[in-house]
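The following exercises concern fold, ring geometry and backbone conformation. Each task is followed by a solution in steps.

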Amino acid sequence: MLLDKELVFSDAQAVTTATATASTNYLDMLAVGDPGVGEPMWAVGQVDTTVQASGGAANVTFALQVDDNSSFSSATTIYATAAIAKATLVAGYRFMCVRLPPIPAGAKERYLRALITPDTNDLTAGKFNIFLTRTVDLQPATPYQRASYSVA
């Protein structure tokens, strides 16, 4: 997978509360052009650090939002995952790998961001990577950890 640092919304972003948390970065589509024109763009999200929560159970929802202002005061959600249980959100788990949906017809949306929303309990650990890319690895990652084998 090829990554462009300008298309990274969250780079090992920690989320520790049970409130919606905006991605560290957002994309100004007027400055870079609509990323969905010409070639398909993929929105990819992956767990960087395993999620843990105070009080036990917790779910996390991930979304992509657009808005006409960088404060996202009237954001429109263009994609959202279902609630994903804490036990599923282990390091390396890919929670999102979807072609970037089109911006709603007639919308004057300029900015694009990711939104991470835990529910039920505050997270005590958990970091996430969310980014756009033109190339995506559709094969699952190897189940073997790097340290479990050697190269001769």
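Accessible areas are obtained here by the Shrake-Rupley method with a 1.4 Å probe. The structure is a predicted model.

**Exercise 1. Surface and composition**

Task: State how much area the protein chain exposes, and which share of it carbon and sulfur atoms supply.

Solution.
1. The exposed area of the protein chain is about 8,500 Å².
2. Carbon and sulfur atoms account for 52% of that area.
3. As for the interior, 37% of the 152 residues are buried.
4. Contacts between residues at least 6 apart in sequence can be examined as well: 80% of them join residues at least 24 apart.

**Exercise 2. Strand order**

Task: Determine the secondary structure content of the protein chain, then describe the open sheet of 4 strands.

Solution.
1. The protein chain contains 1 helix and 10 strands.
2. Along the sequence these elements follow the pattern β-β-β-α-β-β-β-β-β-β-β.
3. In the open sheet of 4 strands, the order is S1-S10-S4-S8 and the pairing is antiparallel.
4. Strand S1 (8-14) and S8 are the edge strands, each pairing on one side only.
5. With direction ignored, neighbouring strands of this sheet are turned by 10 degrees against each other on average.
6. Within the sheet, strand S4 (residues 42-53) and S10 are joined in the antiparallel sense by 9 bridges. Gly45 has Ile130 in S10 as its bridge partner.

**Exercise 3. Aromatic pairs**

Task: Classify the pair Phe62 and Phe95 from its ring geometry, and then the pair Phe95 and Phe128.

Solution.
1. A pair of aromatic rings is described by the distance of the centres and the angle of the planes.
2. Searching the whole structure yields 5 aromatic pairs.
3. For Phe62 and Phe95, the ring centres are 3.6 Å apart and the planes stand at 15 degrees; the pair is therefore stacked, since planes under 30 degrees apart count as stacked.
4. Phe62 belongs to strand S5 (residues 59-67) and Phe95 to strand S8 (residues 94-99); the pair thus links distant parts of the chain, 33 residues apart.
5. Phe62 counts as buried because its relative accessibility is 0%. Phe95, at 7%, also counts as buried.
6. Phe95 forms an aromatic pair with Phe128 too, with 5.9 Å from centre to centre and 80 degrees between the planes, an edge-to-face arrangement.
7. Because Phe95 lies in strand S8 and Phe128 in strand S10 (residues 123-133), this pair ties together parts that are 33 residues apart in sequence.
8. Phe128 is buried, as is Phe95.

**Exercise 4. Positive phi**

Task: Give the phi values of Ala12 and Phe72, and state the location and burial class of each residue.

Solution.
1. Most residues other than glycine have a negative phi.
2. Ala12 is not a glycine, yet it has a positive phi of about 55 degrees.
3. Ala12 is placed in strand S1, and its relative accessibility of 27% makes it partly exposed.
4. Phe72, likewise a residue other than glycine, has a positive phi near 55 degrees.
5. Phe72 lies in the loop between S5 and strand S6 (76-80), and counts as buried at 7% relative accessibility.
6. Phe72 also joins Tyr26 and Tyr111 in one aromatic cluster.

Notes: Residues are numbered from 1 along each chain as its sequence is written. This is a predicted model: local features need pLDDT of at least 70, side-chain atom pairs count only at pLDDT 80 or more; totals for chains, interfaces and linings use all residues. Side-chain values use heavy atoms; hydrogens and water are left out. Rings of Phe, Tyr and Trp (its six-membered ring) pair if their centres lie within 6.5 Å; planes under 30 degrees apart count as stacked, over 60 as edge-to-face and the rest as tilted. Helices (H or I, at least four residues) and strands (E, at least two) are DSSP runs, numbered from the N terminus. Buried means under 20% relative accessible area, exposed over 50%, partly exposed in between (1.4 Å probe, protein chains only). Two strands pair if DSSP finds at least two bridges between them. Axes are lines fitted to C-alpha atoms, for helices over the stretch in contact, and angles run from 0 to 180 degrees between N-to-C directions. Contact means heavy atoms within 4.5 Å.
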